[in-house]
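I set out to record how the copies of the chain are related and how selected helices pack. My entries follow the structure.

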2 protein chains.
Amino acid sequence: MSPNATAGEIDRAARGAREAYDSARQFPASRLAAFLEAVALEIESLGEELLETGDRETALGPARLAGERDRTIGQLLMFAALLREGSYVEAVIDTARPDRKPASRPDIRKMLFPIGPAAVFPAGNFPFAFGPAGGDTASAFAAGCPVVVKAHPGYPSTSELFARAVDGAVRAQGFPPGFFSLLHGDRAEVGRALVKHPGIAAVGFTGSLVAGRAIFDAAAARPHPIPVYAEMGSVNPVVLLPGALAERGQAIAGELAASVTLGGGQFCTNPGLVFVIEGPETARFLPELAARVNDRPPCVLLSARIGEGLARAVSATLSKPAVALMAGTGRPAGPGGPFPPTVMRTTSASFRDDPGLQDEHFGPVTLVVVCESLDDLFRTLPSLHGTLTATVHASDLEKDTARALLSLLREKAGRLIWNGYPTGVEVVPAMHHGGPYPATTAPWSTSVGAAAIKRFLRPVAFQNVPQALLPEALQDANPLGILRLVDGDWTRRPIS
Amino acid sequence: MSPNATAGEIDRAARGAREAYDSARQFPASRLAAFLEAVALEIESLGEELLETGDRETALGPARLAGERDRTIGQLLMFAALLREGSYVEAVIDTARPDRKPASRPDIRKMLFPIGPAAVFPAGNFPFAFGPAGGDTASAFAAGCPVVVKAHPGYPSTSELFARAVDGAVRAQGFPPGFFSLLHGDRAEVGRALVKHPGIAAVGFTGSLVAGRAIFDAAAARPHPIPVYAEMGSVNPVVLLPGALAERGQAIAGELAASVTLGGGQFCTNPGLVFVIEGPETARFLPELAARVNDRPPCVLLSARIGEGLARAVSATLSKPAVALMAGTGRPAGPGGPFPPTVMRTTSASFRDDPGLQDEHFGPVTLVVVCESLDDLFRTLPSLHGTLTATVHASDLEKDTARALLSLLREKAGRLIWNGYPTGVEVVPAMHHGGPYPATTAPWSTSVGAAAIKRFLRPVAFQNVPQALLPEALQDANPLGILRLVDGDWTRRPIS
C-alpha cells in the first residue's frame, strides 16, 4: 500500500497544477491534441506490463483489461480529434449594430475557455478507462486543464504506470511539469484536502455515493465553491413488460443474467433493479432467471473488501421482512472467495415504502420488484431516485404502455434503453452518462463521450475587442474554420 | 409589507409546481413559445399601472422602467423565437453500426429536456427584467419548467402585477394552474424552505452574495442536492492604461462617472474598482474623475435601507488606513435622502493584502486602486476574485500590454470589455453574464441571453428506441427541421 499523501505533497501538487495552468491555458487546441495523442502512445508502449499489473491489482482479467485499454486510448484520441476539428469552443458572434437606436449595439463574441486545474478521483472498477488517464483526466486535459489525480487505493501500481505514461508525454511535448500529478491515499482526508485547495477549480469523481457526497460537501463548503462532477453509480432499473416476457422470456433471462454478472456486476450501469408484473409470463420468467443466474460461475471481485461489503449489504436487504432470496446465496463460499451471482425479490409496496431498497448492491446482485398490475407499476416507478439508465422491454403490442413508461423514466434517468441492457456504454457524441442525483451531482453533465469536455470549460464574452486581440476562434476570418453561430446563423464562413 | 409565506403556502406552491410539471414537461416547444408570447402580451396590457407601481416601489423613474419593460418583453419573445426555431435542444444522433466488431454498435440519440420545477429569486435592482417574469423565470418557462417565485420584498405590489400577467397567460393558454406561483417573504427562512422543498429541481437567484450563498448552502445540504444558479453581483474592475488616459482622459472621466452612477450605481455590472498606474496621465485624470463625479446629482436609491447599508459599507472602507475619500461624502445628506456619488482611493499593496477591499459597495461608489507601475498592476490583478466583467482601456500603442491584461482578466471574469464600460448588458446569443465565484455559483452558466435556458435543461440519451417512441427532435425524418449533429456532421437534413 502506498502511504497517504502528506499535506505538503497535496499543496505542492495543487500549486504545481496552478503554475502549469498559467502557461497551458494559452496553448492552442492543436497543441493539446498532440499531447493527448502522445499520452495515448505512451499508454500503448506500457505494453504487457500494464495488463499484468492491472490484473494483479484488480483481478479483472487480461481480456477485459485489453478492451479497457483500447477504450482508454480511444477516448484520448477522440478528444484529440475534437480539438483538431475545433468547434467544441462553441463560438457565438453577434456583430455590432452602430445604427441601433437609442444606443448602438456593441460587438459581442463568446467562446469556451478552460476552467482551471482539476482534481480527478478515478474509479475502483475501471482502472484504465476511469483510471488516472481515463475519461475524467482526458476530458480535463482536452479542455486545457492540468490534473491532480488522487489514485484509487485499489490499484496503486497500475496508477503509477499511468503516471509514468502521462509524465512521458508531458516531457516529450514540453508541457509544464505540474500539468499532471498523482497522489496516493486511502483516507478521506487526502481527497478532502485536495478538493479544498484554493488552486483547484473543478473536480471529476467516479465512485461510491458516500465518497462522492463527501467530496461534493467539501467543495460546497469552500470559501469559493467549485463545481463537482461526481458520478456515483446507480441502480439502473429494468422494466420487463408481460408481452416481452411472453415473446422472449427465455432469451431475456439469459441476457439479463449475463448483464447482472458482467464484470462481476461491478459496473455503474449494472442492472440492480428489475420490475415485473404478476401474471403467467412473470411466473414462468422468474424461475428461468433464477436458473440462468445460478448457472453462472461465482464472480472474482475487485477486492476481498468489496466482497465483504457486498455480503453485508445483501444480508441487510435480506433481513427486511418482504425480501426473499431467489438465486445465489448472497455471500462468498469462503472468506475472500468468489461471489455467487444473487437475485432477491420484493413487493412493490415494500419498494415504495423503503428507500433503502434503492441502495446499490455493488456486485453481481439484482433485486426483482414484483408489481401487482400495470397500474401498480406506474404507482411504484415514481419512487425511483435518479439513476444513470433505465431500460424497458416490451413487445410491439405494448408500445402505448412503453411510451408512457419511457416518459416517466425520462425524469429519473440519463439514458433510456429499449429492449436491451444498461451495461456497455458507447463512447460517442450522443452518449449521455449522467443523471439526476444520486446518479451524479450535476445532472446536465456527462462523464462519457465528447460532451464530457464541457465540465472543464466556461464561457467568456468579448465586447468590442479588436481583431488582433481576439482569440483565433472569434476572429472575423475564422482561421480555424470552425462552426460558429454568427448573427443567428450557424456557419463556417468568415465574416466579411 | 406582504406577510411572510407560511410553510403550508410554500409546500402548496412547490407541490403545485410539481403537479403542473407532470403535464407541462410533455408540451411541445411551440406550445411553450405561445405561452411566452402570451405572457409578453399580458405584461404589455398592464400599461401605465406597471410603470407607476414600479416607480412608487423602487424610485427607478418611469423612463428607466419603460426601457426595462421593453427588455422584459423582449426577453420573453427571444425565448419564444428560440423555441420556434427548435435547435436549442441540441440533438445529437449516432446511428447504429450493426457490422461493428466485436459487438454491433447501438443507435444512440440525445437531446435536452426540462430539469423540473424551478425556484426563482428576483433581483431588487431590476424589478422587471429580473423580476417575477424576468430573465430567470422566462428561461425556466422556455425550458418547460414551472416556476415558484419568492418575490423581492422591495416591490411586492409590482410583483403582484407580474403575477397577474403570468396567471392571465396560464389561464389563456390552458396551462396547469401550478405552472407559476408567487410567494412573499422578507425572512431568509421563506427562501430556504422553498429551496429545500423536494418538489424543486433547480434555483435561479439574482441578488447579494450573502443571500445567494445562503441559498446555495441550503441547496447543497439537501438530501438530494440541486443546481443553484446564483448571480451575486460583482466589482467589475476597470483598468485604465496611461496611453488611454493621455489620449482621452477627459472623456473617460465623464463616461466613467456616468457608468458609476447609472441606475444609482445599483447594477451588478457597476464599475466598483478602477485600476490606474501612477504617472502624469493618472495625476491629471484622478482630479478630473473626482470633478465629474462631484458634478453628478445625488442618486435616489431603491430604498432607505440600501442607502443606510451603503453608507455603513463606505464608512467601513474609509476607516481602513490606506483608503482616502476622493469625491462625494459617502453618506446621504439626511436620513433616507439621495446618495452622493462617491469615489475612494487606495494603494495596490493594501488591495493585495485586504480581500475586504473587494466587497461590493452596492450604489454609486467606486474605489480607485493606484498601482506604482505596470509591473505592480500585473502583480495586483491576480488577487481579484471572480467577477462578471473586466474592462481595459488602452491606446493603440498599448496593444501588447492589453493582450496580456485581457489574458489575465479572462481568468477572473465572464465578459471582457474593450475601451468601454461594463454597465449595459446586451440580450444576445453571444452574451455571457456570469463568471467565477463569487460572481456566480455556476461559472459555466449565464443569466442573460439565449444560453440562460440551458440552466433548466438536462440531456437524456435514447438507445435503440424505435422511431415511433422517439421525441420528434430525434426522429429520422427531422420533422422540426432543426440543426442536429448526425454521425459527426451538423445538418438539418433527415436521416435516410
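I superposed copies by least squares on the C-alpha atoms of residues with pLDDT of at least 70 in both. The model is predicted, and I took local features at pLDDT of at least 70, side-chain atom pairs only at pLDDT 80 or more, and totals for chains, interfaces and linings over all residues. Residues are numbered from 1 along each chain as its sequence is written, with chains lettered from A and ligands numbered from 1 in the order in which they are written.

Entry: symmetry. I found that a turn of 180° with a shift of 0.0 Å along the axis lays chain A on chain B at an RMSD of 0.0 Å. The two copies are therefore related as by a two-fold rotation axis. In chain A, the C-alpha of A220(A) is the nearest to this axis, at 3.3 Å.

Entry: α1(A) and α7(A). I took helices as DSSP runs (H or I, at least four residues), numbered from the N terminus. The axes, lines fitted to C-alpha atoms over the stretch in contact, have angles from 0 to 180 degrees between N-to-C directions. Those of α1 (residues 7-24) and α7 (residues 188-196) of chain A come within 10 Å and cross at roughly 35°. I noted contacts (C-beta atoms, placed from the backbone, within 7 Å) between A7(A), I10(A) and A14(A) of α1(A) and V190(A), A193(A) and L194(A) of α7(A).

Entry: α3(A) and α6(A). I found the axes of α3 (residues 47-58) and α6 (residues 156-172) of chain A within 8 Å, crossing at roughly 155°. This makes α3(A) roughly antiparallel to α6(A), a term for angles over 145 degrees.

Technical notes. Helices (H or I, at least four residues) and strands (E, at least two) are DSSP runs, numbered from the N terminus. Two residues are in contact if their C-beta atoms, placed from the backbone, lie within 7 Å. Angles under 35 degrees count as roughly parallel, over 145 as roughly antiparallel, 65 to 115 as roughly perpendicular and the rest as oblique.
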